[in-house]
Structures are given as structure tokens and as C-alpha cells.
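This report describes one protein model in plain terms, beginning with a single residue and moving on to the helices.

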Amino acid sequence: MTQLKLKNQVQIDLENIQHSFAELREVKDLFARRNWFPATSGNLSVRVEVPDGEPPLIAVTASGKDKSVHTAEDFLLVDLEGKPVLPTRQKPSAETLVHTTIYQKIKQCQAIFHIHTVFNNLISELYGAQQEVTFTNQEIIKAFNIWDEGAAVELPIVENYAHIPTLAKEVGQVLDPRIPGVLIRNHGIYVWGDSVFAAKRHLEAFEFLFEYQVNLFLLKK
Ligand SMILES: CSCCC(=O)C(=O)COP(=O)(O)O
Ligand SMILES: [Zn+2]
């Protein structure tokens, strides 16, 4: 089995890294086909399996790329401070600190997806001054593993900041382990899950709810 030695001297199985990069590639391709990465926006990350007791390792998309195109430099490895753990010319996503903040605070988090869509931006605008948007009486809420009759999902909304450490701090302050997402006003959504499958399901459910809510608003006008 081939092993890679990281800057901190920890040895990681190359297969684990390839597995994480393959997971990211699959999600990246799918979301690109859905036009969920307009104008280089969006970023993705997954936890890489590491030997017991070793520091967490994150595979993340490189910054500023056209995410609908394949290159040999689409992904890289960072530590929980967002620093590359191997010598590289690539830059991790400019928003890596948001990812690492979520991994630090939500221990079971295995994957984080961030996209900018017209519907998620419209929702944050429609709920202008509010710090959350509530969804209820929708069957798709079960996608969040919430099964109670009449359950409500309160999705936090934070303001957008160009200064990423500030943005990451704001996101960190509103995280609720029961609600796997945070909406950033007129920017996009961060969604996570305890697997790639769960994170994708959560993102699809949120985007469904956003589209429904915007259309309902227009119908009632
Ligand atoms: C034109 S997108 C502006 C940056 C952003 O919000 C984003 O999601 C993409 O940043 P990255 O560095 O991950 O490519
Ligand atoms: Zn963004």
C-alpha cells in the first residue's frame, strides 16, 4: 500500500486520498451539470480517513477554478486550520475557513458543500432582516431526518462578509447540529452531512424548499 508523508510527518494511505478526491469529483461533476457552480462560485470538501489518533485531514476544492472543468489540480489536502499539508502550487478554496469551522464544531460532519444559486440568494433577500428562515408542512423535511408531524426547520441566515475569518466566525456562531445548513445573505448556502450522500440529500432538500418558497411568494402576489 503506497503511503504519503504529510508536512507534519503523518503517513496517509494514498488510496484514502484518492477515494476522497474521487468523491469530490463525482459531486463536482453532478453539481456542475445542474449549473450549481456559476462563475467559479461554490466549493466542496470531505474528511479524509486518517489513522486513529492522527489530526483530521480535509480534501477541498482548489480556489477560483471553473468547477465544470476537470484538471489534475482540482483538489488538495488541508489541515483543520485550512493550511495545505503537502507542498503545492494550488490554493485551497478562499472559503476553506468556513469549512474547517464547521468540521471543528460538528464532530460527525464528513462532507460540506457550498453553492450559490438564484433561489438561495432570493430566499436570503426575501427574509431581509431575519436571522433565520423557517420551513414547515413539507414532506421533504424528512430528508433532514426530522419525522415529527408539523416539524419546522429553522435555517440560520448570516450576513455576508468579504473577510473570510469574520464570515467563518459568524457561521460558527449559528451552527445547530440538528439543522445541517447555514444561509449566507446574497451569497449562498453551506450544507453538511455525516456522509457525502447525506450532505447531498440535505442540499437538494434545501434547494427544493427555496424554490418552492420563492414560487409560492410569486403566486400569492
Ligand atoms: C465568483 S465566486 C466568489 C467566491 C465564492 O464565494 C466562492 O464560493 C468560490 O470561492 P473559491 O475560492 O472556493 O473558488
Ligand atoms: Zn461562496
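Is alanine 39 buried or exposed? Alanine 39 is exposed, because 8 other C-beta atoms lie within 10 Å. A residue is exposed with 12 or fewer other C-beta atoms within 10 Å of its own, buried with 20 or more, and partly exposed in between, the C-beta atoms being placed from the backbone.

This is a predicted model, in which local features need pLDDT of at least 70 and side-chain atom pairs count only at pLDDT 80 or more, while totals for chains, interfaces and linings use all residues. Residues are numbered from 1 along each chain as its sequence is written, and chains are lettered from A and ligands numbered from 1 in the order in which they are written.

Two residues other than glycine have a positive phi. Helices (H or I, at least four residues) and strands (E, at least two) are DSSP runs, numbered from the N terminus.

| Residue | Phi | Loop between |
|---|---|---|
| Glutamine 9 | near 75° | strand S1 (3-5) and strand S2 (11-13) |
| Alanine 39 | about 55° | helix H1 (14-33) and S3 |

Glutamine 9 also counts as exposed, with 6 C-beta neighbours inside 10 Å.

Helix H2 (residues 96-105) is mostly covered, with seven of its ten residues buried. Among them are Leu97, Val98 and Ile102. The buried residues of H2 pack against elements including strand S3 (43-48), helix H4 (164-174) and S10, a contact being two C-beta atoms, placed from the backbone, within 7 Å.

The buried residues of helix H5 include Ala198, His202 and Phe206. Their cover includes helix H3 (118-126) and strand S9 (181-184).
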